[in-house]
Amino acid sequence: MSLCFTHIYITMINFDKNFIYLHTKNTSLVFEIKKYLYEDEKYIKEDRYFITQRYYGPSLKEELSPKEPLLRPNGSSNDYCNDYLISSSFGNGNNSEVSLLVFNENNSAVTRLFYKGFDIIKGGKDVKVPHARNASETLHIVEKDDVSGIEVHLYYSLFEDSDVIVCKKEIVNTKQNVCFFRKASSLECPINCKNVLITTFDGAWTKERTRHTLNLSSGVFVNQSFLGSSSHKHNPYIEVVDNENKLHYAFNLVYSGNHKETVEVNPTEHSSVLVGINDFGFEYALNKGESFMTPEAVMVVAKSTDEITFKMHNFINNHIINPSYRYKDRPILFNSWEGSTFKIEEKSLLEMADVAKQVGIELFVVDDGWFSNRPNDQSGLGDWTADNNKFPSGIKKFAEKIREKGLKFGLWFEPESISINSDLFRKHPEFAQLVPGYNPFARRHQIVIDMANKKVIDYLFEMISKVIEEAELDYIKWDYNRLITDAYSNTGIRCGEYMHRFIMGTYELLDRLTTKYPNLLIESCSSGGGRYDLGILYYTPQIWGSDNSNSFYRSFIACGTLSAYPQSTFGAHVSRDYSVTGHRSSLEDRFNINCLGAFGYEMDLRQDGKEDLEIIKKQIDFYKKHRHLIQFGHYYYVDNCFDDDRYYSFVVVSENKKEAILSVVELSPGVPNKTWKFKGLNPTAIYEIEMRPQANADIKLLPKLSGSELMDTGLDLGSLYDEKDNNVFQKGIYSRMIFVKEV
Ligand code: GLA
């Protein structure tokens with residue numbers, strides 16, 4: 001551990017005098033260690049120091065150890081200013097929202113942390129919970145309050161290739177018999193700017209991750225969830241644009257429980273961003289010698305939104321996703337839900353499997369309704385054994401029949417919920433979240449199981465493992481259709497710790513299952529996309545994006561989601577046309593929009609005429625041919641439908657820029673024609689151009705153009721409106737997909 005002040009240079013972290021420099025490929029973060037000047041001389045026994053953030057922005061690598069790092073775009077040089085702290089606490093003079101609040105046993109809430117030193121860790125600081133994998137290097141800073149004995153360890157890990165820095169904090173009680181901390185943000189990032197543009201991704205069931213922007217020039221903005229999961233309502237991902245320096249910052253949290261992102265703008269000073277577990281109802285007891293590690297917060301800085309998106313995608317694919325699925329093509333699946341709902345029956349499923357195989361589907365998934373006591377959504381959750389009436393020859397035999405057809409096999413589970421009308425509840429009512437004296441809040445006729453109880457985790461692990469082995473499952477859809485209302489464990493867990501311990505239980509179960517079955521693909525889901533976050537992605541490489549597959553709404557949901565999360569994570573299925581919403585789209589248009597992600601079909605394929613099945617077969621052939629490009633290509637927005645709700649278009653480009661797909665969508669008929677432009681191509685290369693053949697459109701395109709022509713001039717595709725569609729009074733959606741390949 002060093003108190004700094006001499007110069008050394010170690011790959012990405014170096015220090016000189018009282019500055020510590022962290023470098024990723026294109027960004028730098030600089031801390032300054034300053035003398036503490038807030039004590040009256042009569043009390044001073046020794047010099048004391050505190051640490052502040054001096055700079056976070058574009059790379060300073062050129063100047064290996066600049067004498068005077070830039071004040072802007074982010075940081076302070078004011079010797080007397082405590083406001084650029086990286087772990088502010090109540091009692092240290094910081095007059096913005098603090099990141100740490102501890103109630104001490106002497107009845108004070110004061111924590112005054114002083115800098116003690118730092119060291120550099122090769123790789124990351126190991127933790128068992130979800131975290132970014134394979135850090136290049138980690139800066140470990142220690143701060144301590146000698147009076148209360150509270151020690152804070154800050155770990156800044158560098159992800160050089162993705163330009164991302166991840167921060168977590170460990171709080172240690174070294175002295176008190178017991179203390180209670182009520183707030184512990186993972187990251188505190190000051191921004192030297194008094195005017196910011198905040199972008200969040202909010203929504204509800206069937207309207208997930210709708211982009212919202214807000215200018216803040218004074219006050220406090222909070223983006224949060226508090227009912228146990230990251231939520232449909234406010235995704236933990238936020239972007240903050242420094243309007244003065246034109247820099248884009250983005251933040252996320254590797255956590256699936258209650259999160260809170262706070263942006264505070266002090267109009268006479270600066271702004272700051274706090275990211276971490278929500279302090280709503282949070283109070284964690286630390287006995288002497290115990291410590292608490294916060295989840296990891298992710299931060300990135302860039303000059304544009306496109307760059308931010310690229311870096312986030314890269315980071316998630318490389319450092320969050322389970323290595324067994326890293327850049328591994330995801331199977332095309334069939335899911336029974338929208339076609340069959342609870343009408344699960346072996347004979348008809350096998351017929352559907354025949355059609356699925358015939359059109360080229362690779363994985364057959366039986367959704368809700370396959371297990372005991374589950375004729376509808378009013379019973380059965382927790383009874384994870386197959387219903388013999390629905391599978392007369394047993395689930396093992398059924399799975400074998402599916403595999404004999406050449407398909408992989410998967411099943412739906414909702415481990416974190418329990419039905420009151422279930423054998424499990426009758427046998428173990430103590431497994432459910434039941435607050436003594438209250439009737440449980442039963443939403444969708446179900447209550448939440450107590451994931452903080454070890455016995456529950458053991459039970460679920462055993463039951464789910466049994467089915468995985470019996471049916472040799474390749475895939476699980478892991479649903480969670482609840483919010484926590486009756487937070488309680490009869491094992492005596494303190495209420496201020498419950499929400500966190502609940503999600504730790506979920507992680508433990510996922511960890512045990514993914515360790516035991518490393519090749520099992522888990523797709524998570526939470527009433528559609530209600531738990532879309534980096535914590536769950538650590539275990540489940542893909543997430544069902546939304547229960548809304550209608551092309552109109554899906555365009556917005558995809559557009560919002562892909563700002564922060566890569567295509568490979570986004571479960572996207574073609575289902576029947578929901579003309580009930582008034583937004584009609586043909587099977588071809590539904591494919592163009594919904595194929596962007598971990599793709600599948602979700603409808604009773606037996607009902608389709610021969611013509612439709614032919615179309616589906618061709619769509620699947622196209623998808624298979626370009627699957628890697630679609631799932632892992634570099635994604636660019638061309639027309640962001642949150643900027644202009646008439647159009648949505650995007651490009652995916654291969655890493656070597658030799659191939660790309662442009663997908664263009666008109667979100668209502670009769671909108672003015674426009675030229676559609678590519679992005680990300682090699683300007684000097686010549687590309688062959690081909691439209692994905694669509695049953696409802698046939699356009700002649702110029703056979704070849706250069707990259708710069710495709711990007712600067714673009715393609716005129718005329719009207720996308722389908723001439724055969726005579727129902728012009730309804731709101732239709734029309735689209736095309738253009739594939740280009742370097743000659
Ligand atoms: C949730 C999911 C759906 C489906 C149903 C089954 O709503 O989002 O995809 O699995 O549950 O009950």
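Two strands count as paired if DSSP finds at least two bridges between them. Keep that handy, since the exercises below lean on it. The model you're looking at is a predicted one.

**Exercise 1. Find the bridge partner of Y647 in β35, and work out which sheet it belongs to.**

Step 1. Start with the two strands. β34 covers residues 647–653 and β35 covers residues 659–666. They are linked by seven bridges in the antiparallel sense.

Step 2. Pick out the residue pair. Y647 has E666 as its bridge partner in β35.

Step 3. Zoom out to the sheet. Six strands make an open, antiparallel sheet, ordered β33-β34-β35-β41-β37-β38. At its edges sit β33 (634–639) and β38 (704–706), each of which pairs on one side only. From one strand to the next, the twist averages 25°.

Step 4. Look for a helix on this sheet. Helix α9 packs there and touches β33, β34 and β35, with its direction at about 130° to that of β33.

**Exercise 2. Trace the strand order of the barrel and say whether its pairing is parallel or antiparallel.**

Step 1. Recall the general idea: strands of a sheet pair through backbone hydrogen bonds, in either a parallel or an antiparallel way.

Step 2. Walk around the barrel. Eight strands close it in the order β22-β23-β24-β27-β28-β29-β30-β32, and the pairing is parallel. The average twist between one strand and the next is 30°.

Step 3. Check a few neighbours. Four bridges hold β24 (residues 408–413) to β27 (residues 475–478) in the parallel sense, with L411 facing I476 of β27. β27 and β28 also run parallel and share four bridges; here I476 stands opposite I522 in β28. Moving on, two bridges pair β28 with β29 in the parallel sense, and E523 sits opposite Q542 of β29.

Step 4. Close the ring through β32. β30 and β32 pair in the parallel sense over five bridges, with V574 opposite Y601 in β32. On the other side, β22 (residues 333–335) pairs with β32 through two parallel bridges, and L333 has G600 as its bridge partner.

**Exercise 3. Work out the handedness of the β-α-β connections on either side of β28.**

Step 1. Come in from β27. Together with helix α7 (residues 495–516) and β28, β27 makes a right-handed β-α-β unit.

Step 2. Leave β28 again. The chain passes through helix α8 (residues 534–539) to reach β29, and this crossover is right-handed.

**Exercise 4. Decide whether the faces of β28 and β32 are covered or open.**

Step 1. In a regular strand, side chains alternate between the two faces of the sheet. The test for "buried" is under 20% relative accessible area.

Step 2. Apply it to β28 (residues 521–524). L521 and E523 are buried on one side, I522 and S524 on the other, which leaves both faces covered.

Step 3. Do the same for β32 (residues 598–602). A598, G600 and E602 lie buried on one side, F599 and Y601 on the other. That makes five of the five residues buried, so β32 is largely enclosed by the rest of the structure.

**Exercise 5. Describe where helix α4 sits and which of its residues are buried.**

Step 1. Place the helix. α4 (residues 394–404) packs on the barrel's sheet and touches β23 (363–366) and β24. Its direction makes about 135° with that of β24.

Step 2. List the buried residues: G394, I395, F398, A399 and I402.

Step 3. See what they pack against. Their neighbours are α3 (346–359), β23, β24 and α6 (454–470).

Step 4. Check what follows. Just after α4, G406 adopts a positive phi of about 90°.

**Exercise 6. Judge how compact the whole protein is for its 743 residues.**

Step 1. Take stock of the elements: 13 helices and 41 strands.

Step 2. Compare with the globule rule. The radius of gyration is 27 Å, close to the 27 Å that the rule gives for 743 residues, so the protein is as compact as a globular protein of that length.

Step 3. Add the burial figures. Buried residues make up 63% of the 743. The exposed area is about 27,300 Å², with carbon and sulfur atoms supplying 51% of it.

How values were computed
Residues are numbered from 1 along each chain as its sequence is written. This is a predicted model: local features need pLDDT of at least 70, side-chain atom pairs count only at pLDDT 80 or more; totals for chains, interfaces and linings use all residues. Side-chain values use heavy atoms; hydrogens and water are left out. Axes are lines fitted to C-alpha atoms, for helices over the stretch in contact, and angles run from 0 to 180 degrees between N-to-C directions. Contact means heavy atoms within 4.5 Å. Buried means under 20% relative accessible area, exposed over 50%, partly exposed in between (1.4 Å probe, protein chains only). A crossover is right-handed if, with the strands pointing away from the viewer, the path from the first strand over the helix to the second runs clockwise. The radius of gyration is taken over C-alpha atoms; the globule rule is 2.2 Å times the number of residues to the power 0.38. Accessible areas come from the Shrake-Rupley method with a 1.4 Å probe; for residues, only the protein chains shown count as cover.
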